[in-house]
Structure formats: C-alpha cells, structure tokens
Amino acid sequence: GAAALVGVEVGNSEMVLLYEKSLFKSVLGPGRYAFWKGVLQYSFIRADISKIAITESIEKAVLARPQLAPYVRTYVVDSFEKGLLYIEGQFQQVLEPGVYQFWKNAMVMTVYKTDTRQLQMEMNGQEILTKDKAALRINFSVQYRVADIFLAVAHKEYDKQLYMLMQLALREQVGAYTLDELLEKRDAVSPLVLEAVKEKAARLGVTLYGCGIRDIILPGDVKEIMNSVL
C-alpha cells in the first residue's frame, strides 16, 4: 500500500507547490501529505520561505496566483518612480521600474517609492505682510524634481519640508518690499526666493527648476483705494 503513495513532508519554514501533469494545482503548508502514485503525474517545488529572495524556479504567473498571496509580497515600481528596498531597517537595493516579488515572512521589509518626474507644488493663499504692513494673500507655485532619492527618503515628508522652506523664503522676500514696490517688481521676487532655498532643497534631495508669484490678492480696503485712484 505504502509503495503506491508519494509522501511529502513540509517543514515550518517551508511551502511546497504541487503540480499535476506540470500544471500548478495547490500550495502545501507545513504538515505531511500523501498522494496516489500513477493516477496523476505529480511534481513538487519545495521553497524555503524563511529567506527573502525567491531563488526557486517558480514562474511569475504562479507567484501571482491568489493561493500564494499569504506567502509572497509584491511591490510595483511604476515607470516614473524609483524605489529603495530596506530589510530590517538596512538598505538593500535600488528598485528600478518593474514588479518585484519576495517571500513573506517575519522579516520587516520596507519599500520607499519616489516620483522622479518634474512636479509642481501649489502654495495658495499665503498671508504675508509687506514692509509697509499691507496684508496680502499670494498664490505661488514651485517646479521641482527629486534628484537624490536617498536624501529624499532620509528626510521623511521632504515635500512638506520643501513647502515650509519656500513659505519662509517667500515671506522674507515679500516683507522686504512696500506694497507699491512689490506690485512693480513682482517678477524680481521669484529668483530671490529660488536662490534662498536652492541649497537647502538640495539637502532634501530636491532640485528646484523655477517658481513664481501667480496672483497677489489685495485686501478689500486697499482694492477700494486703488480703484478710486484709477
């Protein structure tokens, strides 16, 4: 009787893929299994899931099957992204665009992904006082790109930090002008803001390409005075 059976034993840190006539059938978790010989042609792929890398020759399509979801972690890095893979807090590799699959186990794995396209940040309704104490609201925009993914990842929420830097520089530059000067020289403010932030942005892993004041919104009383003058 026993000679007519194929026995398979699966250890705690293993799983076995069961194939019938070379077609994937199921996943065998830890335990003992027996199959009748001769009825169907069985084959098995044994995998050590205590490691991270999938070194066994298993087709990607099989790894993507729902039965393997408890055993496999999948990360997708889009065409406009770059990823950094960390295992137990230690950097392992840069992930170029593609689909990555690893065994799922107790090891902590983190993938940080960053958009590498040129991006635009909108800073709307910035409330700023001019040199002569006119309270304005300014809409401002910044064009930037992540140039160093390691620095960007090291500074968590680098985009929020960039926003703060731009905000402070804009306040400082606008505060150096009277309202009349600002309305006259609004185009001169942007290069000064860019210059003030460029080096600090580089330390966040970001390259600035340009920035500009889109709108200056005057307070109601100033608007009325200007309209009556006009």
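The largest nonpolar core (buried Ala, Val, Leu, Ile, Met, Phe, Trp, Tyr and Cys residues joined through side-chain atoms within 4.5 Å) takes in 33 residues, and I138, F140, L162, M166 and L208 have the most contacts inside it. Here buried means under 20% relative accessible area, exposed over 50%, and partly exposed in between, with a 1.4 Å probe and protein chains only. Two or more residues each come from β11, β12, α3, α4, α5 and β13, these being DSSP runs numbered from the N terminus (helices H or I, at least four residues; strands E, at least two). The top contributor is α3, with seven residues. Another core lies apart from this one and has 16 residues, including L17, F24, L63 and V72.

The model is a predicted one, where local features need pLDDT of at least 70, side-chain atom pairs count only at pLDDT 80 or more, and totals for chains, interfaces and linings use all residues. Residues are numbered from 1 along each chain as its sequence is written, and side-chain values use heavy atoms, leaving out hydrogens and water.

As for charges, there are seven salt bridges, each a side-chain nitrogen of Lys or Arg within 4 Å of a carboxyl oxygen of Asp or Glu. One of them joins R32 to E9, with the closest N and O atoms 3.3 Å apart. That pair ties together distant parts of the chain, R32 in strand β4 and E9 in strand β1, 23 residues apart. R32 is exposed at 70% relative accessibility, while E9 is partly exposed at 49%. K51 and E56 also pair up, at 2.9 Å from N to O; E56 is buried, at 14%.
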